[in-house]
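User: I would like to learn how to read a few features of a model. Where should we begin?

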Amino acid sequence: MPATECDVLVIGSGAGGLSTAITARKHGLDVIVVEKEPVFGGTTAFSGGVLWIPLSPHARKAGYADTRDAVIRYMKAETGRWYDGPAAEAFIDKGPEMVAFFERETEVRFIPTLYPDYHPDAEGGVDIGRSILAAPYDIRELGPDMARLRPPLATITFIGMMFNSANADLKHFFGFTRSFTSFRYVVKRLLDHVKELALYRRGINVTSGNALAARLAKSALDLKIPIRTRTPAQELIVQDGRVTGALVKGPEGLQRIVARKGVVLAGGGFSHDAQRIARAYPHVQSGGEHFSPVPRGNTGDGARLAEKAGGRVEIRYSSPAAWMPTSKVPLGKGEYGAFPHLLDRYKPGIIGVLKNGRRFTNESNSYHDVGAAMVSAGQGADTGMWLVCDQGTISKYGLGYAKPAPMPLRPLVRNGYLAKGATLRELAQNAGIDPQGLEQTVREYNKGAAEGVDRQFGRGTTSFNRYLADPDNKPNPCVAPIGNGPYYALRIVMGDLGTFDGITTDVVGRVLDARDQPIEGLYAVGNDRASVMGGNYPGAGITLGPIMTFGYITGRHLAGLEPSLSSRITDTSKEPDAVPA
């Protein structure tokens, strides 16, 4: 059997795998990356491209008031009994160093954002300064490898054109019919994009996570790190208790790769491992539906490889994944695309109700918090909700995959994506919602909404609630009455942005066995590794921020530059051990 030798073998090509590979290579190690899919970029390429990095160089340059102590207090408040001091402090201390390293040594660039923490009123929370965003990128820099970059999630593009919540694009597209400046901006963007499609069959000026994935891949390829796509890892090679490499199956057949320093699992978590999520996700356990927008290749390969080598994958967090309310977009022939609801829930005049027609949470909270509320409020096997609005609101803001005016809504009513009714009662009947409950809910909601007040859940009372709302809607950018019909409803089911539970590791990423001892030569990064956030979602970018930071730490450890800290994420409440997944 053909054999190849290297210092480090990385299995997976998302931000975790590539940040580890680049760091290790920059410190003199020979690295190979294998990826089972025909494209590289992992979940990163579908993501918003935001990193939660407190005290970053960008925050310091902007003069934002923040302290290490405040960040620690916020992480303690957010992670609760799962707070791991050594891991959290390694993330806090190494995050800014990671940003500086990648901006100094690679093609990776970031820009500041105005995102508040998701719970800015919690102890140690802030209204601005902890989230940064991957800078846009012209993917022609990838040359022939441009074709191997995972495209952005199709449902959140417009004819393949990307938007970003921290970008002027959205403001102008929402104002397309009301402002000549916005009209000109949109027309130019559309013409430029159509030209790109004609020349390259895809948009080339990418933003968000697609830009980060492209920048990381370009950096790796510039360093002569091979990214072998269509090359899944079949099994790990273990000799005398040490992982020494892996068998991989590429286009040329089975191959043995020997890794002198270590093998790094970076397979993206288990979002599409049906058996594992049936044990891990509470709404799936109760018979509820789950429809994830992350790449379908995230089937828990890293978790299975780790377990076979003696590692542990435990389901311990109350939220084992980063929840994302998702709608199912009919694509024809019984196929559906996933639309993650990142923006519409914040807009005034849109409310979320259960099957009984009742509101159950603050719709303008983070996607994870709304998702957790969906799980908690689920009625039997039905853990879905419906977003409801009137004609004026959907024309102004759109609703999920439905775009604002002048884009037509009739095709989406006809294919079942949207339910429509001349009255609230008719809407409820068409959508499968309790009519009396919906009518009463709207009456009660409108009483306060007429004054810009959400009397039930306090919508619009935090800086994060207001951040993605409509600042022109006074006095509350998140709250407006539901007015005259016709009315629309859109069914939402639970999805996720990636798993929080995962392979148990120490701080530097070494996979731990049943006795909490490192398995020599085996590491885990990215969503394969259990999250330092303990199953909570404190702010924009709390997946990619730790993913790149711990990838950087793991890469340095492989190069002999980081201490072998033995801490792991531990339940400090001393409750019984978690059940293995």
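Analyst: With cysteines: a disulfide is a pair of cysteine sulfur atoms within 2.5 Å. By this rule the count here comes to 0 disulfides. The model is a predicted one, in which local features need pLDDT of at least 70 and side-chain atom pairs count only at pLDDT 80 or more, while totals for chains, interfaces and linings use all residues. Residues are numbered from 1 along each chain as its sequence is written, and side-chain values use heavy atoms, with hydrogens and water left out.

User: Why does Cys 389 form no bond with the closest cysteine sulfur?

Analyst: In general, a disulfide is a covalent bond between the sulfur atoms of two cysteines. The closest cysteine sulfur to that of Cys 389 belongs to Cys 478 and is 16 Å away, too far for a bond. Cys 389 is buried, at a relative accessible area of 0%, and Cys 478 is likewise buried at 0%. Buried means under 20% relative accessible area, exposed over 50%, and partly exposed in between (1.4 Å probe, protein chains only).

User: How many salt bridges does the structure hold?

Analyst: The general idea is that side chains of opposite charge can pair when their charged atoms come close. A salt bridge is a side-chain nitrogen of Lys or Arg within 4 Å of a carboxyl oxygen of Asp or Glu. The structure holds 36 of them. One of these joins Arg 68 and Asp 93, with the closest N and O atoms 2.8 Å apart. Arg 68 lies in helix H3 (residues 68–79) and Asp 93 in helix H4 (residues 85–105), so the pair ties together parts 25 residues apart in sequence. Helices (H or I, at least four residues) and strands (E, at least two) are DSSP runs, numbered from the N terminus. Arg 68 is partly exposed at 34% relative accessibility, as is Asp 93 at 39%.

User: Is Asp 470, which pairs with Lys 396, buried or exposed?

Analyst: Asp 470 is buried, at 9% relative accessibility, whereas Lys 396 is partly exposed at 30%. Their side chains meet in a salt bridge at 3.5 Å, N to O. Asp 470 sits in the loop between helix H16 (463–467) and strand E18 (487–499), and Lys 396 in helix H12 (residues 391–397), so the pair ties together parts 74 residues apart in sequence. Arg 455 and Glu 451 also form a salt bridge, at 3.8 Å, and both residues are exposed.

User: Which residues are linked in a network of salt bridges?

Analyst: Lys 36, Asp 273, Arg 276, Asp 301, Arg 304 and Glu 307 are linked in this way.

User: What is the nearest side chain of opposite charge to Glu 78?

Analyst: Lys and Arg count as positive and Asp and Glu as negative, with His and the chain ends not counted. For Glu 78, the nearest such side chain is Arg 130, 8.8 Å away; Glu 78 is buried yet has no salt bridge. Glu 78 is in helix H3.

User: In what order do the 3 strands of the open sheet lie?

Analyst: Strands of a sheet pair through backbone hydrogen bonds, either parallel or antiparallel. Two strands pair if DSSP finds at least two bridges between them. The order here is E3-E5-E4, with antiparallel pairing. Strand E3 (50–52) and strand E4 (110–112) are the edge strands, each pairing on one side only. E4 and strand E5 (residues 131–134) pair over 3 bridges, and Ile 111 has Leu 133 in E5 as its bridge partner.
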